[in-house]
Amino acid sequence: MPPIIQENMAYNIDLTKITQYDNIEFVAKQVVEGFITGMHRSPMHGFSVEFAEHRQYNTGEPIRHIDWKLFARTDKLFVKQYEEETNLRCHLIIDNSSSMYFPFRDKYSLAAPNKIFFSVYAAAILMQIFKSQRDAVGLSVFSDKLDLHTQARGGDAHQKMIYRELEKILQPIGQDVRRGSMVTDTLHQIAEQIHRRSLVIIFSDMLESQKNLEELMLALGHLRHNKHEVLLFHTFDRSLEYDFAFENRLYRFVDMETGEEVKVHANNIREFYQKTIHDYFHEIQVKCGQYQIDVIPADITQGFDQILLPYLLKREHTV
């Protein structure tokens, strides 16, 4: 697995030693500081006078004025010198159904996460960005029902409460929990409860049946109809869930939501599975494009740069 934090970063943390029992807020802070410091130290490419309205970012400054689009072009951090401070209302939504607990392990770390572990830490890391930019934030968690919904607020007390709720999600890890997902119904419910225009960020593996995909897209469209910006992080384990990189032997596959089992030789279904999942992922991308929803594939084995940079670029568009 590629290192999540580059070797030349000042804030280095051994992610292989982080388990579900570590303090989420502390880990999130370390990851964000490493991410920002690492970008600040990246070599400069292609800077010219056309960027005269920018100045270089200085370590320790608030990051809310960084021009992330310019960073994407130059690999260097610059600040919009005359940018006005703009605060967002952000709402995090986490799918906590049983399928999000794949792959199942006895112990988890950020070097070997499952989908829910990755999503919780990704949400916590984004919370650190919200905090630094004084953005209001809300959280919704759902499985077969809406388990939690908070309105977006600012302030340390509210953010501490959200960190505690994120930590609670990880507590059932290791237990045999069978929970379906009601993505469609829940998203409609959440859309009705977010009363002010927000940037809505969703973490879900999107494992709905093919026939339910159109209804799911309508639910996401409900958020867009209510004038929210929507950023969907489609979480999955690329090696196992997309490439189907199982050994050439007999396996017992278990539906994590229903408990239904099937025994099959991996080689006998690999080609069919790969085509089916490729078509399904492609259809998600196409339909999200039709609803003007930004969907970001989030391979849980590839760290958090794939979360942070798309969010920051989305924020540039939103503000």
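A residue counts as buried when its relative accessible area is under 20%. Met206, at 3%, is therefore buried. The model behind this value is predicted.

**Unusual backbone angles**

Most residues other than glycine have a negative phi, and most peptide bonds are trans. Several places in this model depart from that pattern.

Met206 is one of them: its phi is positive, near 55 degrees. It lies in the loop between β6 and α6. Phe244 also has a positive phi, near 55 degrees. Its place is the loop between α7 and β8. With a relative accessibility of 4%, Phe244 is buried. Gln292, which follows α8, has a positive phi near 55 degrees too.

Which peptide bond is cis, with omega near -5 degrees? The one from Phe102 to Pro103. Pro103 sits in the loop between β3 (89–95) and α3 (115–132).

**Helix α8**

Helix α8 covers residues 266–290, 25 residues in total. From first C-alpha to last it reaches 35 Å, close to the expected 36 Å. The helix bends by about 30 degrees at Phe272.

Which residues of α8 are buried? They are Ala266, Arg270, Ile277, Tyr280, Phe281, Ile284, Lys287 and Cys288. Two of the names carry charged side chains in their usual forms, Arg270 and Lys287, and both are on the buried list. The cover over these buried residues includes three strands that precede α8 in numbering, β7 (229–236), β8 (250–254) and β9 (261–265). It also includes helices α6 (213–225) and α7 (238–242), and strand β10 (294–299).**Aromatic pairs**

How many aromatic pairs does a search of the whole structure find? The count is 14. One of them joins Phe203 and Phe233. Their rings are stacked, with centres 5.2 Å apart and planes at 15 degrees. Phe203 belongs to strand β6 (residues 199–204) and Phe233 to strand β7, so this pair ties together parts that are 30 residues apart in sequence. Both Phe203 and Phe233 are buried.

A tilted pair joins Phe236 and Tyr242. Here the centres are 6.3 Å apart, and the planes meet at 50 degrees. Phe236 has a relative accessible area of 5% and is buried. Tyr242 is buried as well, at 15%.

Ring pairs also build a cluster from Phe244, Phe246, Tyr251, Phe253 and Tyr273. Phe244 is the loop residue with the positive phi described above. Tyr251 has a further partner: the charged end of Arg249 sits over its ring, 4.0 Å from the centre.

**Cysteines**

A disulfide is a covalent bond between the sulfur atoms of two cysteines. How many disulfides does a search of the whole structure find? It finds 0. Cys90 is buried, at 0% relative accessibility. Cys288, on the buried list of α8, also has 0% relative accessibility.

**Two glutamates and an alanine**

Glu25 lies in helix α1 (residues 24–40). Is this residue buried or exposed? Glu25 is buried, with a relative accessible area of 16%. Leaving out residues up to four places away in sequence, Glu25 touches Gln128, Lys131, Lys160 and Tyr163.

Glu257 is in the loop between β8 and β9. Its relative accessible area is 22%, so Glu257 is partly exposed. The C-alpha atoms of Glu257 and Tyr101 are 10.0 Å apart, while 156 residues separate the two along the chain.

Ala245 shares the loop between α7 and β8. At 47% relative accessibility, Ala245 is partly exposed. Neighbours within four places in sequence aside, Ala245 contacts Ser239 and Leu240. Its C-alpha is 8.6 Å from that of Arg270, which is 25 residues away along the chain.

**Accessibility at a glance**

| Residue | Relative accessibility | Class |
|---|---|---|
| Cys90 | 0% | buried |
| Met206 | 3% | buried |
| Phe244 | 4% | buried |
| Phe236 | 5% | buried |
| Tyr242 | 15% | buried |
| Glu25 | 16% | buried |
| Glu257 | 22% | partly exposed |
| Ala245 | 47% | partly exposed |

Conventions. Residues numbered from 1 in each chain as written. Predicted model: local features only at pLDDT ≥ 70, side-chain atom pairs only at ≥ 80, totals over all residues. Heavy atoms only, no water. Helix = DSSP H or I, 4+ residues; strand = E, 2+ residues; numbered from the N terminus. Expected span 1.5 Å × (residues − 1). Bend = angle between axes of the 7 residues up to and from the residue. Buried < 20%, exposed > 50% of the residue type's maximum accessible area, 1.4 Å probe, protein only. Contact = heavy atoms within 4.5 Å. Phe/Tyr/Trp six-rings, centres within 6.5 Å; stacked < 30°, edge-to-face > 60°. Lys NZ or Arg CZ within 6 Å of the ring centre and 35° of its normal. Disulfide = S-S within 2.5 Å.
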